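Q: Please take a close look at one loop of this model, then follow the chain outward from there. Describe what lies around it and which contacts are found elsewhere.

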Amino acid sequence: KKSKIRNNHLNSTIMKTSIYKFAILTAIVLVGKFVNGQGCSDAGFCTLNSFKPNSSDSVSVVKNQFKVGFTYGTADYSISIFGNYLEYNRQVSDKFTFDAKITSLAQSGNDISEIGLSDIYLNVNYKIFEKAKISIGTKIPLADGNKILNDLSLPMDYQSSLGTFDIIIGVGFEVKKIQCVAAIQQPVTQNKNEFLSEKYPADSELRNFQSTNKYKRSGDVLFRVSYPIMLGDKFKITPSILPIYHLQDDKYTDGSGVERMIDGSQGLTLNGNAFFDYEINEKNALQLNVGAPFVVRDARPDGLTRGLVINFEYRIKF
């Protein structure tokens, strides 16, 4: 009996050690990718509560949850981004939950600094059965995607919002702790951007940006697979694979009024995420979310390119 107990304890110790090594390795790989990677692109739905891992138990203790989050990232053309958001989740009934989120964004680089409100997200989630749910929502822009500097339109990389009104539909399900989400985000209106790179002086860095005058952005689909791993009673790591497919090449209108395709803007971005959750107590928790791209699209004119993304979130249930 004692020998069996010792063996069980040894096996448990080995398993916990392996999990900790896995967690450390995941963090090292992602940090390594941050240094070299470019291309993580999210039009908004990747970080919605209903499409993130472990969201099924988000309001299981009480009916309300409030979140505040802060994001830091590095974008193309030596631009740094700083984002923040406020989010509210409400358990309406056993079947229905409601999510509301408001975001803002600041960008700085090439002697240009911009800040502004981004979007409002509204989602309704319906539990089909215990391990599956469907989500339907919308993204409402709080900016038109056409900030002006010195009488010239700025590229999308300096816009606080895509400026599009989007419909978002997704489904999430769980199979033996493996959590899966599939979703689509489709613009139903376009923004008012008027950026043409040739309007800037020859020595301006903005001459190198993709023109997006009368920009027409296609939709995106995602499929996330994640697996939560408990590391003790309070700490959890959730590795996640996140492919995002941009459905068609985007379009813009050149200076002579001709609509042109932006070659290479259609295609796959494959990202890795790791969520680190710490439960302070039954009603308070912290989350660190890091992400990195493994496969990228050739062209990303929407200004959403992120080579490094770190998000810190505090949430409280009440």
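A: Asparagine 110 sits in the loop between β3 and β4. The model is predicted, and the angles and distances below are computed from it. Asparagine 110 is not a glycine, yet its phi is positive, about 60°. Its relative accessible area is 29%, so it counts as partly exposed. Aspartate 111 belongs to the loop between β3 and β4 as well. Its phi is also positive, near 65°, and it too is a residue other than glycine. With a relative accessible area of 86%, aspartate 111 is exposed, because the class begins over 50%.

Going back along the chain from this loop leads to strand β3, which spans residues 96-109. Strand β3 runs antiparallel to β2, and 12 bridges join the two. One of the pairings sets glutamine 91 against its bridge partner in β3, threonine 97. The two strands form a hairpin, with four residues between them.

Strand β2 covers residues 80-91 and has two unlike faces. In a regular strand, side chains alternate between the two faces of the sheet. On the covered face of β2 are Ile81, Gly83, Tyr85, Glu87, Asn89 and Gln91. The uncovered face holds Ser80, Phe82, Asn84, Leu86, Tyr88 and Arg90. Glutamine 91, the partner of threonine 97, is thus placed on the covered face.

Strand β2 also pairs with β1, residues 64-74. These two run antiparallel as well, joined by 11 bridges. Leucine 86 in β2 stands opposite valine 68, and leucine 86 is listed on the uncovered face. β1 and β2 form a hairpin with five residues between them. In that turn, tyrosine 77 has a positive phi of about 60°.

Next come the charged pairs. The structure holds 15 salt bridges. In one of them, lysine 131 meets glutamate 174, at 3.7 Å from N to O. This pair links distant parts of the chain, with its two members 43 residues apart. Lysine 131 is in the loop between β4 (112-129) and β5 (132-141), whereas glutamate 174 is in strand β8, residues 166-175. Lysine 131 has a relative accessible area of 42% and is partly exposed. Glutamate 174 is partly exposed too, at 23% relative accessibility.

Another salt bridge joins the side chains of arginine 315 and glutamate 313, at 3.5 Å from N to O. Here arginine 315 is buried, with a relative accessible area of 16%, and glutamate 313 is buried at 1%. Both belong to one network in which salt bridges that share partners join Lys52, Lys67, Asp277, Glu313 and Arg315.

The side chains of lysine 251 and glutamate 259 form a salt bridge at 4.0 Å, N to O. Lysine 251 is partly exposed, at a relative accessible area of 29%. Glutamate 259 is partly exposed as well, at 39%.

Lysine 251 is also among the residues touched by tyrosine 215. Tyrosine 215 lies in the loop between β9 (178-187) and β10 (220-226). It counts as buried because its relative accessible area is 1%, and the class covers values under 20%. Not counting residues up to four places away in sequence, tyrosine 215 touches Met156, Gln190, Asn191, Asn193, Asp250, Lys251, Ile262, Pro301 and Asp302. Tyrosine 215 and asparagine 191 are 24 residues apart in sequence, while their C-alpha atoms are 6.8 Å apart in space. With aspartate 250, tyrosine 215 makes a side-chain polar contact of 2.6 Å.

Aspartate 250 has a second polar partner to consider. The side chain of serine 265 reaches the backbone nitrogen of aspartate 250 at 2.8 Å. Serine 265 is found in the loop between β14 (259-261) and β15 (267-279). It is buried, with a relative accessible area of 0%. Leaving aside residues up to four places away in sequence, serine 265 touches His246, Gln248, Asp249, Asp250, Arg297, Ala299 and Pro301. Asp250 and Pro301 are therefore touched by both tyrosine 215 and serine 265. At aspartate 250, the side chain takes part in the contact with tyrosine 215, and the backbone nitrogen takes part in the contact with serine 265.

Key. Residues are numbered from 1 along each chain as its sequence is written. This is a predicted model: local features need pLDDT of at least 70, side-chain atom pairs count only at pLDDT 80 or more; totals for chains, interfaces and linings use all residues. Side-chain values use heavy atoms; hydrogens and water are left out. Buried means under 20% relative accessible area, exposed over 50%, partly exposed in between (1.4 Å probe, protein chains only). Contact means heavy atoms within 4.5 Å. A polar contact is a pair of N or O atoms within 3.5 Å; within protein, one must be able to donate a hydrogen and the other to accept it, and residues adjacent in sequence count only if both atoms are side-chain atoms. Two strands pair if DSSP finds at least two bridges between them.
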